[in-house]
Amino acid sequence: FILSLGAYQAKGAFEVANEKPVVGALTVVTNKIDANDYGVEGDIAAEIELSDQNNVQKIVLNTTLSDLSIPLNGRDLLTLKSGIIIGEALLTENEPSITPSITLNAEFEELRHPLVQSQQATFNVDQSAEDISFTLDASGTPSMPYQLNVDGNTQMSEDDVRSILMNIDGHVDQTEFELTEAVSATIKNEDLTVKPFTLEIGEGQITGSLERVKNDITAKLAVVNTDINPISYFLPVVPLDGILNGELELSAVQNNLNGKYDFTVSELRTMSQIDQDFDLQMSGDVDNQNANIIGTVTQDNLVNASFSASLPLKIDQVNSIFAIADEEPINGALDWQYEISSVWPLFNLTGHDLRGEAVVALKLAGTFSNPEVNGNVQLIDGRYENLDIGFVADNVDMNASIKNRQMIIDNLTATDGEQGTINATALVTVDEDLNYDAKADLILSSAK
């Protein structure tokens, strides 16, 4: 037979006999054609051989990959410079006296995914009967520097309990991590137990445990003096540094969900131009209806913020799914009084400088899928400077209101650093894609 899939073509032939191993071969090659509805690019060469080894089914796999590009959701891509996958299996259904076995070895170079990157990675699996051992070694890239080493094994007992032992160690940039001892877990039917474990990260540690019996779940997590900087390499949209402490407890028993958490991040800073440290504290609880959170942010008396939120939950305890209900009402609040220069570098507006006391009072409403933010923003005794053209506005006072995706600047007054004055009103409308339209009315008097 010949089977075409876009840029790839599979050719093969098999002989199937009753109660006998299948004999034949399948070859996958790259077919250099223009039509490629799947958007997959790159070279794939694979050979799968099936043979009869003394009434035992033998399968041999040999695959090479190069310059592979696979479209993901949106405009994201999974890319791979090169890879080799080699495997062999003995399936002994017809010869119970012979132990079945599987081996799989894979090597990859320059693997890129939106969430993780790897310069080089190797993965090995060996199975003999019900016993499986595995290893994973992966090294990162200059923009995501890490080394990850995993090795483990699983065994099946006579009473059908699958036990798992796994060791993990490595480093992210200069921060080393390792399990103090192999993490141990057991699986039987739908029941899962992860025994207490300790993961050391730099000078800190994370401890935890998990148990699921039928549909009931209990979990604990504690974090002590753990640097969160390594996370920023894997979540670049949250470029943060700081020391995390706290604990979480969660229980879902007989369809009743209860949980509580309390975390603090000290010496919190962004990886941008800000050189000040913040302290973040947040705590809350979880039940069948809502996840609630309250917290504060402080920084040497320059920042004084408090926030709260209540988010509706969608719970499927049978499948262990806990998510925010998109269409149920949400509510929250943010009150923030701060010196705006302490956070201005976050906006990366090169050539612009803004100082002054900001007072923000916002309310959150609507739904998670269509949130509404209403409130007021004030700037008191501010100063704005455009470093490119030399324009300066002193004594800036502004009052603005936010409602229905609009920010209305009710009044703005300022001087130009000398005898001139500036008065303005404005309307800024923001759409769902965060694009905005703005229009303003200015009155300038002797302004330079």
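Is F14 buried, exposed or partly exposed, and why? In this predicted model, F14 counts as partly exposed because its relative accessibility comes to 40%, a value that sits between the 20% limit for buried and the 50% limit for exposed. The residue belongs to strand β2, which covers residues 8–15. F14 also has company at the surface: together with F1, L3 and V16 it makes up a nonpolar patch. The accessible area of that patch, taken over the four residues together, is about 420 Å².

Further along the chain, strands β8, β9 and β10 are linked by pairing. Strand β8 runs over residues 117–128 and strand β9 over residues 131–141, and the two pair in the antiparallel sense over 9 bridges. One of the links between them joins V125 to its bridge partner in β9, F134. The hairpin made by β8 and β9 has 2 residues between the strands, and A129 in this hairpin takes a positive phi near 55°.

Strand β9 pairs with β10 as well, again in the antiparallel sense and over 9 bridges. Here S139 finds its bridge partner in β10, namely Q147. As for the connection, β9 and β10 form a hairpin with 2 residues between them.

What does N153 touch, leaving aside its neighbours within four places in sequence? N153 itself is found in strand β10, residues 144–156. Its contacts beyond those neighbours are I132, S133 and F134, plus S163, I164 and L165. F134 thus turns up twice, as the bridge partner of V125 and as a contact of N153. Even with these contacts, N153 is partly exposed, because its relative accessible area is 31% and the buried class stops at under 20%. For a sense of scale, the C-alpha atoms of N153 and P71 are separated by 33 Å, with the two positions 82 residues apart along the chain counted as their sequence separation.

Finally, the rings. A search of the whole structure turns up 2 aromatic pairs. In the pair of Y384 and F391, the ring centres are 6.4 Å apart and the planes meet at 50°, so the pair is tilted; the tilted class takes whatever is neither under 30 degrees nor over 60. How accessible are the partners, Y384 and F391? Y384 counts as partly exposed, at 22% relative accessibility. F391 is partly exposed too, with a relative accessible area of 25%.

Terms used:
Residues are numbered from 1 along each chain as its sequence is written. This is a predicted model: local features need pLDDT of at least 70, side-chain atom pairs count only at pLDDT 80 or more; totals for chains, interfaces and linings use all residues. Side-chain values use heavy atoms; hydrogens and water are left out. Patches are made of residues with over 30% relative accessible area and no salt bridge: like charges are joined within 9 Å, nonpolar side chains (Val, Leu, Ile, Met, Phe, Trp, Tyr) within 5 Å. Accessible areas come from the Shrake-Rupley method with a 1.4 Å probe; for residues, only the protein chains shown count as cover. A salt bridge is a side-chain nitrogen of Lys or Arg within 4 Å of a carboxyl oxygen of Asp or Glu. Helices (H or I, at least four residues) and strands (E, at least two) are DSSP runs, numbered from the N terminus. Buried means under 20% relative accessible area, exposed over 50%, partly exposed in between (1.4 Å probe, protein chains only). Contact means heavy atoms within 4.5 Å. Two strands pair if DSSP finds at least two bridges between them. Rings of Phe, Tyr and Trp (its six-membered ring) pair if their centres lie within 6.5 Å; planes under 30 degrees apart count as stacked, over 60 as edge-to-face and the rest as tilted.
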